[in-house]
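Colleague: Before I rely on the words used for this protein, I would like to hear what stands behind them.

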Amino acid sequence: MASFTPAQRAHTRRVLWLMLVYFIILPPLVWLHRHRHIGPTLSVLMAIAASVPVLGTFASWGRYLSDERDEYHQALTLRRIAVATNATMGTAFVWGFLQAFGVMPLVEAYWIPVVWLVMQGVTGCIATFTHRRQED
């Protein structure tokens, strides 16, 4: 983490804390919903509570972009966000038609942000690998 910019370090800390909260609160919420009779109001509150850490992660990306002073890192991040967004939306769109034609099963919508985050990681790995190959 020594080569990270201050904005990257802050973003990484925020995301790690948010994901820790997510992984701590999600299992009990899912267990309660499956094993106890929970009314609709409490179910809504539980669903929102489960969503807040991931929403915080998205907010952290916006904060990172506004805090980052290095234009090169800003540009790389914007490129990663654009590629991840296009790949995720393309995947969701094609999957939707595959579902409509009865070829693929229904997938819960909350998987779309998960795919976006995975695409972010894949794009980052490809960019790092490409950058290292260019340096050699």
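Modeller: What follows takes the overall form and then the pockets. This is a predicted model, in which local features need pLDDT of at least 70 and side-chain atom pairs count only at pLDDT 80 or more, while totals for chains, interfaces and linings use all residues. Residues are numbered from 1 along each chain as its sequence is written, and side-chain values use heavy atoms, with hydrogens and water left out.

Colleague: What makes the protein more spread out than a compact globule?

Modeller: The globule rule, 2.2 Å times the number of residues to the power 0.38, is set against a radius of gyration taken over C-alpha atoms. For 136 residues the rule gives 14 Å, whereas the radius of gyration is 18 Å, well over that value, so the protein is more spread out than a compact globule. The C-alpha trace spans about 60 × 40 × 25 Å along its principal axes.

Colleague: How many residues count as buried?

Modeller: Buried means under 20% relative accessible area, with a 1.4 Å probe and protein chains only, and 22% of the 136 residues count as such.

Colleague: What is the class make-up of the lining of the second largest pocket?

Modeller: Ala, Val, Leu, Ile, Met, Phe, Trp, Tyr, Cys and Pro count as nonpolar, Asp, Glu, Lys and Arg as charged, and the others, Gly among them, as polar. By that division the lining of the second largest pocket has 17 nonpolar, 3 polar and 1 charged residues, whereas the lining of the largest pocket has 12 nonpolar, 15 polar and 3 charged.

Technical notes:
Buried < 20%, exposed > 50% of the residue type's maximum accessible area, 1.4 Å probe, protein only.
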